[in-house]
Amino acid sequence: MERADAARNRAAILAAATRLIGERGIDAVSVDDVAVAAGVGKGTVFRRFGDKAGLVGAVVDATAASWIQTASLECRSAGEFAGTLFDHVLASLPLVIAVERTTVRSCEGNFRITVERLARLVGSTFKAHTVLAVLRGEHIEFLLAQGMTAAEIRAGVISLADTLAAEV
């Protein structure tokens, strides 16, 4: 069982890392930055997570777990699911893009759960992957850079998912 102070430190470190990565991107955040923002020593971060890669992996796992819990509880239709996933990707865009660029899929289990749930809502695994392709972080970043608003992209993703779900 984890000590209360260790649990608090872990939560503070993950919250600080998540916030800093969201603000600056992964490459611009150091373990020192996270330790200062979390109010702990750098050694605490290294003992807990091993290195920066371990810390980023823990942030990815926590973010993915949060997404899965939200999607499981709140989403009843394909459009709702896609809209909720869009919100998650947008809120975690630097982290999502960094994970997409790596060959290691630390959240692969959660990805599989997402595909399975979406496939049930849209009617096939292929259709689920079609929606997920549109939701890649780099694609969303590109669309935003082209002048589309987040609301426009979200509406398009929801429409796509609902259209695929309605096909027989």
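Let's start with I68, which touches N110, I113 and T114 once residues up to four places away in sequence are set aside. This is a predicted model, and its chain has 10 helices and 0 strands. Helix α5, spanning residues 78–91, gets much of the attention below, since 10 of its 14 residues are buried and the rest of the structure largely encloses it.

**Overall layout**

- Reading from the N terminus, you will meet the elements in the order α-α-α-α-α-α-α-α-α-α.
- Along the principal axes, the C-alpha atoms of the chain fill a box of roughly 55 × 40 × 25 Å.
- The chain has 168 residues, and 39% of them are buried.
- If you take the contacts between residues at least 6 apart in sequence, 66% join residues at least 24 apart.

**I68 and F111**

- I68 sits in helix α4, while F111 belongs to helix α7.
- With a relative accessible area of 13%, I68 is buried, because that value falls under 20%.
- F111 has a relative accessible area of 38% and is therefore partly exposed, as it lies between the 20% and 50% limits.
- These two residues are 43 apart along the chain, and their C-alpha atoms are separated by 9.1 Å.
- Leaving out residues up to four places away in sequence, F111 touches H129 and L132.
- From I68 to L95 the separation along the chain is 27 residues, with 16 Å between the C-alpha atoms.

**Helix α5 up close**

- Helix α5 has 14 residues and reaches 20 Å from its first C-alpha to its last, close to the 20 Å expected at 1.5 Å a residue.
- Its buried residues start with A78 and G79, go on through F81, A82, G83, T84, L85 and F86, and finish with H88 and V89.

**Nonpolar cores**

- The largest nonpolar core has 27 residues, and L118, V131 and L135 have the most contacts inside it.
- At least two residues of this core come from each of α4 (52–74), α5, α6 (93–101), α7 (108–122), α8 (125–134), α9 (137–145) and α10 (150–166).
- Helix α5 gives the most to this core, with 6 residues.
- For a general backdrop, nonpolar side chains tend to be buried together in soluble globular proteins.
- V131 touches A82, L118, L160, A161 and L164, again not counting residues up to four places away in sequence.
- There is also a second, separate core of 22 residues, which includes A17, I26, V34 and V40.

**How α5 meets α9**

- Helices α5 and α9 pack at an angle of about 80°, and their axes are 10 Å apart.
- That angle makes α5 roughly perpendicular to α9, because it falls in the range of 65 to 115 degrees.
- On the α5 side the contact is made by F86, V89 and L90, and on the α9 side by G137, I140 and L144.
- Sorted by class, this contact of α5 with α9 has 5 nonpolar residues, 1 polar residue and no charged residues.

**Two more residues to look at**

- R136 is found in the loop between α8 and α9.
- The relative accessibility of R136 is 32%, so it counts as partly exposed.
- Between R136 and L93 there are 9.3 Å from C-alpha to C-alpha, although the pair is 43 residues apart along the chain.
- A98 lies in helix α6.
- At 21% relative accessibility, A98 counts as partly exposed, because buried means under 20%.
- A98 and I26 are 72 residues apart along the chain, and their C-alpha atoms are separated by 7.1 Å.
- I26 is one of the residues included in the second, separate core of 22 residues.

Key: Residues are numbered from 1 along each chain as its sequence is written. This is a predicted model: local features need pLDDT of at least 70, side-chain atom pairs count only at pLDDT 80 or more; totals for chains, interfaces and linings use all residues. Side-chain values use heavy atoms; hydrogens and water are left out. Helices (H or I, at least four residues) and strands (E, at least two) are DSSP runs, numbered from the N terminus. The expected span of a helix is 1.5 Å times one less than its number of residues. Buried means under 20% relative accessible area, exposed over 50%, partly exposed in between (1.4 Å probe, protein chains only). A nonpolar core is a set of buried Ala, Val, Leu, Ile, Met, Phe, Trp, Tyr and Cys residues joined through side-chain atoms within 4.5 Å. Contact means heavy atoms within 4.5 Å. Axes are lines fitted to C-alpha atoms, for helices over the stretch in contact, and angles run from 0 to 180 degrees between N-to-C directions. Angles under 35 degrees count as roughly parallel, over 145 as roughly antiparallel, 65 to 115 as roughly perpendicular and the rest as oblique. Ala, Val, Leu, Ile, Met, Phe, Trp, Tyr, Cys and Pro count as nonpolar, Asp, Glu, Lys and Arg as charged, and the others, Gly among them, as polar.
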